[in-house]
Amino acid sequence: MLKYTLQRTLYMILVFFIITLMCFILIRMLPLPALPPEDVHTEIVMMRREALGYNEPYLVQFWIFLKNIFTKWNWGLSEKLYYGQDVWQIFVGKLPATMIVNLYSIIWSIPVGVSLGVFAALKKNTWIDYFLSTATMVVISVPSFVYAFLIQYIFCYKLQWFPFLMKGGSDYFSLPMFLSMVPPVLSLSFGVIAGFTRTTRAELTEVLTSEFMLLARTKGLTKAQATVRHALRNCFVVIVPGIFGEFIGILGGSLIIEGIFGIPGVGGLTLNAIRGLDYNIFMLSTCFYTAIGLAASLVVDVSYGFIDPRIRMGSKK
Amino acid sequence: MKKTLALLLAVVMVLAVLAGCGPQGTTEPTGSGTEGTNPPEGTQGTEGTQAPEGPSTYTYNDSMSSIPANWNPHTYQTSDESVPLDYTIDGFYTLFYNDELHPVDGVDPYAGYQIVPAMAADFPVDVTEEIKAAHPEFNIPESATSGYAWKFQLRDDLKWDDGTPIHAEDFVGSLERVLRPELLNYRQSDYYNGSYAVANAKQYALSGQPVFQSFVDMGTTYADYLANGGSDEDVVLDMNGFWSVKAADKRDFGYITDDTMVRDPAVAEGEDEDYVSAKYLWDNYIGPEGYYGSQNSAYTDTYAGTVYYPYEAGYSFDNVGLFASGENELTFVFKNAVDGFYLMINALTVPLVKIDLYDSLLQETETASGSIWNCTYNSNLQTCASYGPYKLSDYQTDKSMHFVKNENWYGWNSGIYQYVDPEDGQTYDMYQTTDIDIQYVQEAATRKQMFLAGQLIGYGLQAEDFEQYRSSEYCYATPGQAIFGLVCNGYLKVLQQRESAADFDKTTTDLETMTVLNFRKALAVSVDRDLMAATVSPARSGGYGLIGTVYIVDPETGALYRDTDQAKQGLCDFYSIDVADYNGDLDAAVDAITGYDPETAKELFTQAFQDALDAGYVTDADGDGKCDQTVTMQYAISADSDFMTKTINYLNESIAKCAEGTPFEGKIQIIKSAPLGDPGWSDAIRNGTADCVLAGWSGAALDPYGFADTWTGENAYWNAWFDPTAVEHTITIDGEEITMSLRDWALCLQGEMTVDASGTERNFGYGQTSVDNRLTILASIETAIMGTYNTLPMLADGGMSLLSQKVFYVVDEYSPMMGRGGIQYMKYNYDDAEWDAYVASQGGTLQY
């Protein structure tokens, strides 16, 4: 297992380097915004681009980029979106808002989603199962921003239970902040709940019909005991990696939901950086998410071994 | 045991979460009565608006779709970024409505404005003669006696928000920093370009920069240059001037030995010459072996030349035209003569920065080509300094900004900022607003709900809102600056190139006809402008001239260009309205203009078909009197939108209706281009690869004369196919008929000395002739440009918005100079506490 993990880590570093280089070159291959010839500022913008080294060979630029990171942990300054500001500080400053909203969403969604899935599986082929399955499909099919607008209209405007926007400041665990996060958390939750409901129901339905469940019941366990101790545990081989994936997604943020509820997070930062050709912000966010993604896949793969002894035993052969 | 432990753990976790929920010592940014924000003595609330306890707070709640991240006056780039400057900086002079305290002879109260010293202690003094004698380094012309050098006395109580005094040297140091060559500040060109260029500012800012100089400019030829020992190694080609492409290093010129290929966006990918280099252009066109060069064309010496360095490296800032002539006295020296009134209006903002803070935030970063400097001044709460009526008190990136009153602003105690209310005749202090809160709100739907819930002061109406709110008493229409004309492609050479493409079917499609004058005239009268505005963009209105309704021709009286007889007569001339038919009533004649005449359109389309047939652009193979080809015009879109779709559909329907029964029936269509981005769409129009677009220009409200320069300059959309220097134009000035090219008319209106057809020097710049004469010239140029039908005026820009019941404007009437008074004059019906109570009493949702 250790050898496998080390091997995967080395591959991960190699892949990370290749992706970083590719992104660095690809973003610079996009044509810079054309400048209106009649604008008196055009000349100075061109001089700035020259000074920024945009006209130098890509590999020279990449070398300076790497050198600044490894020698000074300097990811550069924003040239467009946050003129002259340290992109690392901007990114780190915006990460908590995204994380806290997504964390609340997951903390609430996973138990609800898994519970509904279990309930649907136990009530298989009843109207409850049909209702939950249909509702799940509908919820999954509708984009989250639709819920966001509906929730904002109903709960914030009509009922006035919550503020329209997430509260400002960094008091993330205060009651006003919590209340202001309820609408975006709800908006983000629908899809997650539906996803876990569907997965849990599908897995549990299959497991419940397995022969070892019959064995469990014949040895005297109640249905609840058999379900919790044996069926659910088997389902979790599929569900737990999904939970890991959701937690990794915490860092990603949502472009649309964050926009609608005024969450000052990282959602949309990468897209805005591409639109504005703010190279340094793009590279930082790309490197960050690439690293997270690669690490997540490693963790998920390794987690299989911990969750399912059969996989762990298999890897020793 | 396990169950008990699990339960215990769960209880502990829940308690921990609950314990975490509670105030953490952070401040709530909205609606606050923040420390130090008490209104100064004498500030009066509106009658009957007493708050239950303590001083009332009046918060102006606003929203933006992007929260500024950089409002450094030296580097900000967009109008959104400059929003914090509206509250945190001040000018030398300011504008007040004319009232009993600021009377203007012959003007009704609140119908005009008065200029008042703000940071300046008095009006500027012209010291041209004195400076010319004492400071030859500023190169004031010998013949000049006024307008070049001005002395400003500053108030002696100017302070930053932290109490640090502001003196004349701070302004000088700020200008030096904005111009400092290595900082490459975005705003530096504001101070060395245009009418208010500071003397020698360009030399300082661009010191050491190379500039292209053609052989013609040098008074020599390429052949003589070589004969005198010059080398091809040093010869450069003006690629942008000759071929409309930039060299690989993004400069306009490239060395003729450089064969680095660059993309020519005017040529389709894969076609001949889709990539060119300076060497290629030289070898094939300009050089001795090239197409033009071999014919001894003047092109060689016009587009080829050498690089020179006019801006001496290491140029001293001491030579730049701003210096402190006393502790609180500044002397400005300008490159050109500046009129005092315009100077005061345009010198309302200066690039003042708090120098110690600014310098501490300067940072040099290594780049692939050396290094670059950045400064994070005015990018958050810690790096922000204010010398205006408000100061930043809270800021969160991409979230919100909050401003409170700056207690160190001189204005609170100066007695300057007062006005007499037009309703009750009482004198009030300006700036009743105590707090300004700006939240990031991305979606219009959210803004609307927040507005209706009383959480925002204003809401800009969206297309779907007009029906419901346009007649509301809280709805305000604000005219925009731009007139959107339908720019039509007249670049015949490019159209023919496009028609010669392999995949172009000339039997079914035609492009050349759109250059036929009668065809364009027909298009012009095919569209009912007002109906179009009502259909595609209800906040806008029909546009008939090229200059909008908000431009002022005489700043001293505030007279609007479109209200002048010259402008009205110009419209009547263009639309063939005989004023005599309206008993000489010019206003009635102008009101009768619709620009829509289907019958004339049909006649013109028929005539245009004959013209196109004669020119060989289209065919009528079966002789049925119908055009065989469909004239297809590609509308240049920046990005697709509902507005674009509606506009193109409306134009197609209108044109199709007017073309019924003519040879072009069903044979004209406007289609969308691919999204071209910005400024891709305007580039496509300029280089003839797209055929039409609704576009226009806006400019300084006080300078409509600048439009003449724009229409006839090299950046006009039609510059590639319309040469204003070749169009002779005659205007009668003071009874004398004067003839010169359209371009020369435009230049002499800007104050440049030009020579007319009789060889007489002419200058009709500000102060050089009467306002009446300048108006006559401007109206005549406008009519002449409309007469080219390169652009067909369609829509006048505008917007509508709702204003909260919490506040009201002192004056409802919109003024181009004063708006509706802005936050300076804004009055409140309710303070914050009363407003909250009022909104609650209405069930949380207000009716507008």
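How many residues of domain 2 of chain B are in contact with domain 3 of chain B, and how many residues of domain 3 do they touch? In this predicted model, four residues of domain 2 of chain B are in contact with five residues of domain 3 of chain B. On the domain 2 side of this contact, three residues are nonpolar and one is polar, with no charged residue. The centres of these two domains, taken over C-alpha atoms, are separated by 36 Å.

**Domains**

The domain assignment divides chain B into three domains and includes discontinuous ranges: domain 1 comprises 51-115 + 353-386 + 388-457 + 804-848, domain 2 covers 211-308, and domain 3 comprises 479-544 + 596-695. For chain A, the assignment gives domain 1 (2-87) and domain 2 (94-316). Between the centres of domain 1 and domain 2 of chain A, taken over C-alpha atoms, lie 33 Å. Their contact draws 25 residues from domain 1 of chain A and 21 residues from domain 2 of chain A. Helix 1 (residues 2-29) of chain A supplies the largest share of the domain 1 side, with 13 residues.

**Contact between the chains**

Chain A contributes 51 residues to its contact with chain B, and chain B contributes 48 residues. On the chain A side, the elements that give two or more residues are helix 2 (42-51), helix 3 (58-72), helix 4 (87-122), helix 6 (144-158), helix 7 (175-208) and helix 10 (255-260). Helix 2 of chain A gives the most, with eight residues.

The table lists the composition by class of three contact sides.

| Contact side | Nonpolar | Polar | Charged |
|---|---|---|---|
| Chain A, touching chain B | 26 residues | 17 residues | eight residues |
| Domain 1 of chain A, touching domain 2 of chain A | 16 residues | five residues | four residues |
| Domain 2 of chain B, touching domain 3 of chain B | three residues | one residue | no residues |

**A sheet in chain B**

Four strands of chain B form an open sheet with mixed pairing, in the order 1-20-17-16. Strand 1 (59-64) and strand 16 (390-396) of chain B each have a single partner strand and stand at the edges, so one side of each is left without a neighbour in the sheet. Neighbouring strands of this sheet are turned by 20° against each other on average, direction ignored.

Strand 16 of chain B and strand 17 (residues 400-405) of chain B run antiparallel and are joined by six bridges. In strand 17 of chain B, B:Val404 is the bridge partner of B:Lys391.

Technical notes: Residues are numbered from 1 along each chain as its sequence is written. Chains are lettered from A and ligands numbered from 1 in the order in which they are written. This is a predicted model: local features need pLDDT of at least 70, side-chain atom pairs count only at pLDDT 80 or more; totals for chains, interfaces and linings use all residues. Two residues are in contact if their C-beta atoms, placed from the backbone, lie within 7 Å. Ala, Val, Leu, Ile, Met, Phe, Trp, Tyr, Cys and Pro count as nonpolar, Asp, Glu, Lys and Arg as charged, and the others, Gly among them, as polar. Domain bounds come from an automatic or database domain assignment. Two strands pair if DSSP finds at least two bridges between them. Axes are lines fitted to C-alpha atoms, for helices over the stretch in contact, and angles run from 0 to 180 degrees between N-to-C directions.
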